[in-house]
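Open the model in a viewer and follow the stops below in order. Each one gives a selection and what is found there.

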Amino acid sequence: MTNNKKNFITPGCDKDGNLLGWRSVEIGAMVIDAGNSRLYETGSWRSEQPVWNANTCIDCMMCWLGCPDTAIIAKEGHMAGIDYFKCKGCEICVEQCPTKPNSLVMILEENAKDLSLEEKTEFAFGKEQK
Ligand code: SF4
Ligand code: SF4
């Protein structure tokens with residue numbers, strides 16, 4: 001397994017993006033550069049991902065407040081989508097969302113594979129709710 005995004009560091013990979021065996025991973029680590037979390041693809045750990053329905057969203061930003069990985073994208077104070085490079089699929093945003101029906105739902109990663117954002121939205125919410 002390799003990491004094709006060579007400009008980013010993936011935990012457990014060498015500098016060329018090749019996955020290391022567990023014996024090669026160093027025990028313990030020190031974080032010495034502030035703000036370096038943006039370099040790490042925490043999205044690679046995910047088994048499920050949230051999908052956003054912009055049409056039912058009331059822009060309350062509770063998902064943004066709850067997300068531990070800064071994976072909710074905010075533009076000028078408004079909900080603008082999900083950063084799947086950062087999202088690790090913890091589901092906190094879905095739990096935070098107050099709308100009925102929920103404006104964020106989780107789908108399995110295997111179902112999201114190869115789908116465009118529009119197709120994912122249709123898969124998660126159905127055509128009539130988009
Ligand atoms: S699933 Fe977790 S990491 Fe992903 S956007 Fe929601 S709260 Fe953030
Ligand atoms: S919590 Fe739900 S309603 Fe609020 S901004 Fe996020 S998606 Fe929209």
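Start with the shell around ligand 1 in this predicted model. By class, the shell divides into nine nonpolar, two polar and three charged residues. Of its 14 residues, select Cys67, Ala71, Cys87, Cys90 and Cys93, which come nearest to the ligand.

Go next to ligand 2, which also has 14 residues around it. Cys57, Cys60, Cys63, Cys97 and Ser103 are the nearest. This shell has 10 nonpolar residues, three polar and one charged.

Now select Cys93 alone and show its contacts. Leaving out residues up to four places away in sequence, Cys93 touches Pro50, Cys63, Gly66, Cys67, Ile72 and Leu104.

Widen the selection to the largest nonpolar core, a set of 13 residues. Those with the most contacts inside the core are Cys63, Cys67, Ala71, Ile72, Ile82, Cys93 and Leu104. Strand E1 (48-52) and strand E3 (78-82) are the elements that give two or more residues to this core. In soluble globular proteins, nonpolar side chains tend to be buried together.

Stay on E1. How many of its five residues are buried? Four are, so E1 is largely enclosed by the rest of the structure. Add strand E4 (residues 104-108): E1 and E4 pair in the antiparallel sense over five bridges. In this pairing, Glu48 stands opposite Leu108 of E4.

Move to the loop between helix H2 (92-96) and E4, where Pro101 is found. The peptide bond joining Lys100 and Pro101 is cis, with omega about 0 degrees.

Two further loops hold residues other than glycine with positive phi. Select Met61, in the loop between E1 and helix H1 (62-66). Its phi is near 70 degrees. Is Met61 exposed, partly exposed or buried? Met61 has 15 other C-beta atoms within 10 Å, so it is partly exposed.

Then select Asp114, in the loop between helix H3 (109-112) and helix H4 (117-125). Phi of Asp114 is also near 70 degrees. Asp114 counts as exposed because it has 7 C-beta neighbours inside 10 Å.

Finish by zooming out to the whole chain and colouring it by secondary structure. The chain has four helices and four strands, in the order β-α-β-β-α-β-α-α along the sequence. Of its 130 residues, 15% are buried. Among contacts between residues at least 6 apart in sequence, 56% join residues at least 24 apart.

Terms used: Residues numbered from 1 in each chain as written. Chains lettered and ligands numbered in written order. Predicted model: local features only at pLDDT ≥ 70, side-chain atom pairs only at ≥ 80, totals over all residues. Near = placed C-beta within 6 Å. Nonpolar A, V, L, I, M, F, W, Y, C, P; charged D, E, K, R; others polar. Buried ≥ 20, exposed ≤ 12 C-beta atoms within 10 Å, placed from the backbone. Contact = placed C-beta atoms within 7 Å. Core = buried A, V, L, I, M, F, W, Y, C linked by C-beta atoms within 7 Å. Pairing = 2+ DSSP bridges.
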